[in-house]
Amino acid sequence: MITPRVGIYPGTFDPITNGHLDIIRRAARLVDRLVIGVARNDGKGPLFPTDERVEIVRDEVAHFENGDAERIEVRPFDTLLMQFAQSVGASVIIRGLRAVSDFEYEFQMAGMNARLNPDIETVFLMASDRYQFISSRFVKEIGALGGDVSHFVSPRVAIRLLDRFANGRAKPRRRVGAS
Ligand code: ADP
């Protein structure tokens with residue numbers, strides 16, 4: 001019997017953007033089962049708590065229309081990435097790569113992870129042209145200042161952002177363009 005290939009796509013997803021969704025759709029074609037790992041990542045001071053980020057990602061995946069949702073699972077994690085990968089039986093870690101900005105960090109992380117477990121391979125998917133410039137960080141900054149985020153996230157995520165900022169529950173961390 002052939003063992004199903006399991007991949008994980010880890011990230012903070014604070015919040016999930018159209019760029020992340022593009023990577024998820026493409027990654028789902030490469031593996032039999034895709035686990036999206038939502039990192040607790042308290043150090044990054046996320047806008048949305050882990051449970052809500054997981055809920056948002058699940059909701060987005062549930063809206064896939066091609067049946068892929070059945071092969072995709074969304075789980076929070078707060079362990080070392082390699083431990084999480086092993087615990088779900090993954091043989092592949094998938095990461096998205098935008099232009100030059102992500103390269104150094106991703107290169108180092110892939111190298112260190114390869115040392116921790118050489119049997120798990122990191123695979124990079126180049127960001128698609130139209131999503132190249134989207135980042136969760138800028139989406140939050142634009143949302144915090146009342147800008148239109150509808151080009152960057154799903155309508156559902158846009159509503160969550162609006163709600164979060166409208167109620168004064170969150171403040172912008174930094175202004176886009178401010179030094
Ligand atoms: P992390 O905190 O682990 O970097 P993110 O949620 O910011 O988590 O990103 C998760 C992964 O998705 C990373 O590999 C990141 O480079 C990738 N990514 C983020 N935005 C995009 C995008 N617009 N297009 C393609 N990949 C992206």
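The following exercises, each with a worked solution, concern a predicted model of a protein with a bound ligand.

**Exercise 1. The ligand site**

Determine which residues come nearest to the ligand, which polar side-chain atoms lie close to its oxygen and nitrogen atoms, and which elements contribute to the shell around the ligand.

Solution.

Step 1. Locate the ligand. The ligand occupies the largest pocket.

Step 2. Identify the elements around the ligand. Strand 1 (6–11), helix 1 and strand 4 (92–97) each give two or more residues to the shell.

Step 3. List the nearest residues. The ligand is surrounded by 18 residues, of which Tyr 9, Thr 12, Lys 44, Gly 96 and Tyr 131 come nearest.

Step 4. Examine the polar atoms. For Tyr 9, an N or O atom of the side chain is 2.7 Å from an oxygen atom of the ligand. For Lys 44, a polar side-chain atom is 2.5 Å from a ligand oxygen atom. For Arg 98, the partner is a nitrogen atom of the ligand, and the distance is 3.2 Å.

Step 5. Consider the cover. The ligand taken alone exposes 550 Å², and the protein buries 91% of that area.

**Exercise 2. Backbone geometry in two loops**

Establish where a cis peptide bond occurs and which residues other than glycine have a positive phi in the loop between strand 1 and helix 1 and in the loop between strand 2 (33–39) and helix 2 (50–62).

Solution.

Step 1. Recall the general expectation. Most peptide bonds are trans, and most residues other than glycine have a negative phi.

Step 2. Inspect the loop between strand 1 and helix 1. Pro 15 belongs to this loop, and the peptide bond from Asp 14 to Pro 15 is cis, with omega near -5°.

Step 3. Continue with Phe 13, which is also placed in the loop between strand 1 and helix 1. The phi of Phe 13 is positive, near 50°, although the residue is not a glycine. Phe 13 counts as buried because its relative accessible area is 3%.

Step 4. Turn to the loop between strand 2 and helix 2, where Asn 41 is found. Asn 41, not a glycine, has a positive phi of about 45°. With a relative accessibility of 31%, Asn 41 is therefore partly exposed.

**Exercise 3. Two residues of helix 1**

Decide whether Asp 22 and Ala 28 are buried or exposed, and name their contacts beyond four places in sequence.

Solution.

Step 1. Place the residues. Asp 22 is in helix 1, and Ala 28 lies in helix 1.

Step 2. Apply the cut-off for burial, which is under 20% relative accessible area. Asp 22 has 13% relative accessibility and so counts as buried. Ala 28 is buried because its relative accessibility is 2%.

Step 3. Trace the contacts of Asp 22. Its contacts beyond four places in sequence are Ser 128 and Tyr 131. The side chains of Asp 22 and Ser 128 are joined by a polar contact of 2.5 Å. The C-alpha atoms of Asp 22 and Ala 127 are 8.0 Å apart, with their positions 105 residues apart in sequence.

Step 4. Trace the contacts of Ala 28. Beyond four places in sequence, Ala 28 touches Leu 34, Asp 68, Arg 71 and Ile 72. From Ala 28 to Tyr 9, the C-alpha distance is 9.8 Å and the separation along the chain is 19 residues.

**Exercise 4. The loop between helix 4 and strand 5**

Compare Asn 117 and Pro 118: which is buried, and which is exposed?

Solution.

Step 1. Place the residues. Asn 117 is in the loop between helix 4 (103–116) and strand 5 (121–126), and Pro 118 lies in the loop between helix 4 and strand 5.

Step 2. Assess Asn 117. Its relative accessibility is 8%, so Asn 117 is buried. Met 82 and Gln 86 are touched by Asn 117, leaving aside residues up to four places away in sequence.

Step 3. Assess Pro 118. A relative accessibility of 60% means that Pro 118 counts as exposed. The C-alpha atoms of Pro 118 and Gly 7 are separated by 15 Å, and the two residues are 111 residues apart along the chain.

**Exercise 5. The packing of helix 5**

Identify the buried residues of helix 5 and the helices against which they pack.

Solution.

Step 1. List the buried residues. In helix 5 (residues 136–144), these are Ser 136, Val 139, Lys 140, Glu 141, Gly 143 and Ala 144.

Step 2. Find the partners. The buried residues of helix 5 pack against helix 1 (18–28) and helix 6 (155–166).

Step 3. Check Ala 144, a residue of helix 5. Ala 144 counts as buried because its relative accessibility is 19%, and the cut-off is under 20%.

Step 4. Follow the chain onward. Just after helix 5, Gly 146 has a positive phi of about 80°.

Terms used. Residues are numbered from 1 along each chain as its sequence is written. This is a predicted model: local features need pLDDT of at least 70, side-chain atom pairs count only at pLDDT 80 or more; totals for chains, interfaces and linings use all residues. Side-chain values use heavy atoms; hydrogens and water are left out. Buried means under 20% relative accessible area, exposed over 50%, partly exposed in between (1.4 Å probe, protein chains only). Helices (H or I, at least four residues) and strands (E, at least two) are DSSP runs, numbered from the N terminus. Contact means heavy atoms within 4.5 Å. A residue is near a molecule or strand if one of its heavy atoms lies within 4 Å of it. A polar contact is a pair of N or O atoms within 3.5 Å; within protein, one must be able to donate a hydrogen and the other to accept it, and residues adjacent in sequence count only if both atoms are side-chain atoms. Accessible areas come from the Shrake-Rupley method with a 1.4 Å probe; for residues, only the protein chains shown count as cover. On a 1 Å grid over the protein atoms alone, a cavity is a set of points where a 1.4 Å probe fits but cannot get out, and a pocket is an open set with protein on both sides within 12 Å along at least five of seven lines; lining residues have an atom within 4 Å of a point. A molecule sits in a cavity or pocket if more than half of its atoms lie within 2 Å of its grid points.
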